[in-house]
Amino acid sequence: MAGVLNPPSSTVYIKNLEERIKADQLKEALTEIFSEYGNVIDLVAKTNLKAKGQAFVVFDDPEAAGRAIKEVQGFELFDKPMVLDYAKTKSDATVLNEGNADEFEAHKRRRLAEKERKQASEAAETQKKLKRAAAANGPEPAARPAKASRGAGLKSSNPAGGPVVPEEYLPPNKILFLQNLPEDYDVDSLTSIFGRFEGFREVRLVPGRRGIAFVEYEAEAGAISAKESTAGMTLGDEGKVIKVVYQRK
């Protein structure tokens with residue numbers, strides 16, 4: 001099929017859409033067009049700045065998606081020819097349609113992990129570019145020496161003087177780093193919250209450091225579920241909003 005790069009799936013990926021059209025209007029037009037080729041079970045029109053001009057149409061079977069790509073490829077919508085292909089990954093709607101709740105949760109965890117890995121990679125690349133630009137503009141001031149002693153389990157945010165990925169974009173791993181915890185929260189209190197996620201191993205407090213802790217799981221999947229469910233949770237009488245990120249390796 002001309003212009004198609006990805007293997008067949010139930011989801012059609014569309015790009016080169018008119019970015020100035022409101023999302024509701026765009027979704028209505030796409031639904032009208034693609035419902036001619038099969039049962040549309042979901043339609044997502046991207047609205048964020050980076051992904052504008054893109055959409056996903058999810059059918060209940062790959063044959064319908066194939067018909068739509070063949071017939072609609074190059075069709076002009078709002079004076080711009082649409083470019084169609086199969087989506088690279090399964091959509092949430094497809095997984096729900098084909099599987100059960102457990103499979104859907106596993107799919108969401110994988111998707112979230114991949115998204116966070118991509119964000120971490122992009123953040124690292126941005127830091128590299130900034131460092132190269134700073135080097136081109138002149139020598140950097142001498143770095144302050146690192147403190148000789150750090151809390152147990154804590155790592156330097158920049159041990160080699162290289163680019164530092166912001167905590168929010170660190171790639172997933174099986175250990176979570178908790179910050180801004182109420183001072184009276186101990187191992188038992190935190191275990192009651194984080195112990196309910198798959199593969200929980202232990203909570204580790206840092207001697208001499210209040211308000212922080214580490215939570216370890218047997219695999220990334222448990223840490224991903226815990227992070228997704230607890231980030232921004234409020235704890236204690238003061239209603240402190242905790243910060244949950246992956247441990248920096």
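Two strands count as a pair if DSSP finds at least two bridges between them. Strands 1 and 3 fit that description in this predicted model, as four bridges join them and they run antiparallel. One of the residues involved is Thr11, whose bridge partner in strand 3 is Val58. Strand 3, which covers residues 55–59, also pairs with strand 2, residues 40–45: here five bridges join the two, and again the run is antiparallel. Val58 turns up in this pairing too, standing opposite Asp42. So what about cover: is strand 3 mostly buried or mostly open? Four of its five residues are buried, so strand 3 is mostly covered.

Now for the overall picture. The protein has 249 residues, and 35% of them count as buried. Its secondary structure adds up to six helices and 12 strands. Among the contacts with a separation of 6 or more, 67% link residues that are 24 or more positions apart. The accessible surface is about 15200 Å², and carbon and sulfur atoms hold 49% of that.

How far can the model be trusted? The average pLDDT is 81, and 73% of the residues score at least 70. Residues 146–153 are another story, with pLDDT staying under 50 throughout. The model still gives that stretch nine contacts beyond four places in sequence. Where pLDDT is low, though, the predicted coordinates should not be read in detail.

Next comes a sheet further along the chain. Four strands form an open sheet in the order 8-9-7-12, with antiparallel pairing. Which strands sit at the edges? They are strand 8, residues 200–206, and strand 12, residues 243–246, each of which pairs on one side only. On average, neighbouring strands of this sheet are turned by 25° against each other, ignoring direction. Inside the sheet, strand 7 (residues 175–179) and strand 9 run antiparallel and are joined by four bridges. Leu178 stands opposite Ala213 of strand 9.

Two helices pack on this sheet. Helix 5, residues 187–194, touches strands 7, 8, 9 and 12, and its direction makes about 145° with that of strand 8. Helix 6, residues 220–230, touches strands 7, 9 and 12, and its direction makes about 155° with that of strand 12. Helix 6 has a list of buried residues: Gly222, Ala223, Ile224, Ser225, Ala226, Lys227 and Thr230. Just after helix 6, Gly232 takes a positive phi of about 85°.

Strand 9, residues 209–217, also holds Glu216. Its charge-type name might not suggest it, but is Glu216 buried or exposed? Glu216 counts as buried because its relative accessibility, 11%, is under the 20% cut-off. Leaving aside neighbours within four places in sequence, Glu216 is in contact with Lys174, Ile175, Gly199, Phe200, Arg201, Glu202 and Arg204.

Back at the start of the chain, Asn6 lies in the segment before strand 1, residues 11–15. Asn6 has a relative accessible area of 19% and, because this is under 20%, it is buried. What does Asn6 contact beyond its neighbours within four places in sequence? The list is Asp85, Tyr86, Ala87 and Lys88. Asn6 and Asp85 are 79 residues apart along the chain, yet their C-alpha atoms are separated by 6.7 Å. With Tyr86, a polar atom of the Asn6 side chain lies 2.8 Å from the backbone oxygen.

Last come two backbone oddities. Most residues other than glycine have a negative phi. Asn16 is not a glycine, but its phi is positive, at about 70°. Asn16 is found in the loop between strand 1 and helix 1, residues 23–34. With a relative accessible area of 32%, Asn16 is partly exposed, because that value lies between the 20% and 50% cut-offs. Asp79 is also a non-glycine residue with a positive phi of about 70°. Asp79 sits in the loop between strand 4 (76–77) and strand 5 (80–81). Asp79 counts as exposed because its relative accessibility of 72% is over 50%.

Conventions:
Residues are numbered from 1 along each chain as its sequence is written. This is a predicted model: local features need pLDDT of at least 70, side-chain atom pairs count only at pLDDT 80 or more; totals for chains, interfaces and linings use all residues. Side-chain values use heavy atoms; hydrogens and water are left out. Buried means under 20% relative accessible area, exposed over 50%, partly exposed in between (1.4 Å probe, protein chains only). Contact means heavy atoms within 4.5 Å. A polar contact is a pair of N or O atoms within 3.5 Å; within protein, one must be able to donate a hydrogen and the other to accept it, and residues adjacent in sequence count only if both atoms are side-chain atoms. pLDDT is the predictor's confidence in each residue, from 0 to 100. Accessible areas come from the Shrake-Rupley method with a 1.4 Å probe; for residues, only the protein chains shown count as cover. Axes are lines fitted to C-alpha atoms, for helices over the stretch in contact, and angles run from 0 to 180 degrees between N-to-C directions.
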